[in-house]
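This report introduces the fold of a protein chain to a reader who has not met it before. The sequence and structure are shown here.

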Amino acid sequence: VVYVMTVVTRPLALRRLISNLRTPPSWIVSVITAQGHVAARSRDEDRVLGRTLSAEAAAARAAGGGGTYRGRTFDGNETETAYWVSPTTHWSVHVAVPRSIYEAPVWQMALTLLAGFAVCLLLALALVVLWLRDSEARRGHAAAVEQATRIDALGRLTGGVAHDFNNLLTVIQGNAEILGRRVKDMPQAERSLLAI
């Protein structure tokens with residue numbers, strides 16, 4: 001190497017670049033140097049400019065490339081941070097999102113699934129209740145039909161027995177009347193025939 005050229009610039013240009021991103025106010029965008037120092041930041045820049053990275057950010061940067069990691073702001077707030085490390089300059093950009101905002105869709109989805117499961121469970125319960133009522137009504141109807149069939153069969157049987165018994169009584173009555181005409185002069189036999 002014959003010559004070395006060094007360019008020193010104020011981080012104001014980086015700060016303008018970050019402010020043009022128009023990220024939500026609760027997000028923190030940081031530009032980190034190859035040595036792991038904060039070169040520019042979207043919030044609290046005066047307090048953190050030049051400070052070194054947190055242990056979580058340093059471990060993520062050491063892996064290279066890009067990805068996400070769980071971290072904390074310098075104030076101690078939990079974040080989920082997406083980062084990318086430049087393969088040529090080894091500078092990196094970190095976008096920290098508060099965990100509450102990052103996890104909100106997951107919680108909303110979980111609550112929606114839970115509410116959907118509860119509704120499905122209630123509908124299934126209502127379906128079971130309706131099925132049990134229908135089954136009970138069918139059993140009651142079947143029992144009523146069976147009872148009606150038994151009563152009808154008993155009525156037919158009773159009618160048949162009564163008819164047959166009536167036939168026997170008609171024969172007895174007819175023969176008693178015939179005998180009554182023959183024994184007109186016998187009062188004792190006449191009384192017995194009248195009793196019959």
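The text below describes the sheet, the helices placed across it, and one residue in a strand.

The model is predicted. Its 5 strands form an open sheet, arranged in the order 2-1-5-4-3 with antiparallel pairing. Strand 2 (38-41) and strand 3 (66-72) stand at the edges; each has a single partner strand, so one side of each is left without a neighbour in the sheet. From one strand to the next, the twist averages 25°.

At one of these edges, strand 2 pairs with strand 1 (residues 28-32) in the antiparallel sense over 3 bridges. Within this region, V31 stands opposite A40 of strand 2.

Two helices that lie across strands of the sheet are set out in the table.

| Helix | Strands it lies across | Angle |
|---|---|---|
| Helix 1 (residues 12-19) | strand 1 and strand 2 | about 40° to strand 2 |
| Helix 3 (residues 55-63) | strand 1, strand 3, strand 4 (78-85) and strand 5 (92-98) | about 170° to strand 3 |

One residue of the sheet may be considered in detail. S92 has its place in strand 5. Is S92 buried or exposed? The relative accessible area of S92 is 1%, and because buried means under 20%, S92 is buried. The side chain of S92 is joined to that of R61 by a polar contact of 2.7 Å. Leaving aside neighbours within four places in sequence, S92 is in contact with S30, V31, I32, R61, W84 and V85. V31, one of these contacts, is the residue that stands opposite A40 in strand 2.

Definitions and conventions. Residues are numbered from 1 along each chain as its sequence is written. This is a predicted model: local features need pLDDT of at least 70, side-chain atom pairs count only at pLDDT 80 or more; totals for chains, interfaces and linings use all residues. Side-chain values use heavy atoms; hydrogens and water are left out. Two strands pair if DSSP finds at least two bridges between them. Helices (H or I, at least four residues) and strands (E, at least two) are DSSP runs, numbered from the N terminus. Axes are lines fitted to C-alpha atoms, for helices over the stretch in contact, and angles run from 0 to 180 degrees between N-to-C directions. Contact means heavy atoms within 4.5 Å. Buried means under 20% relative accessible area, exposed over 50%, partly exposed in between (1.4 Å probe, protein chains only). A polar contact is a pair of N or O atoms within 3.5 Å; within protein, one must be able to donate a hydrogen and the other to accept it, and residues adjacent in sequence count only if both atoms are side-chain atoms.
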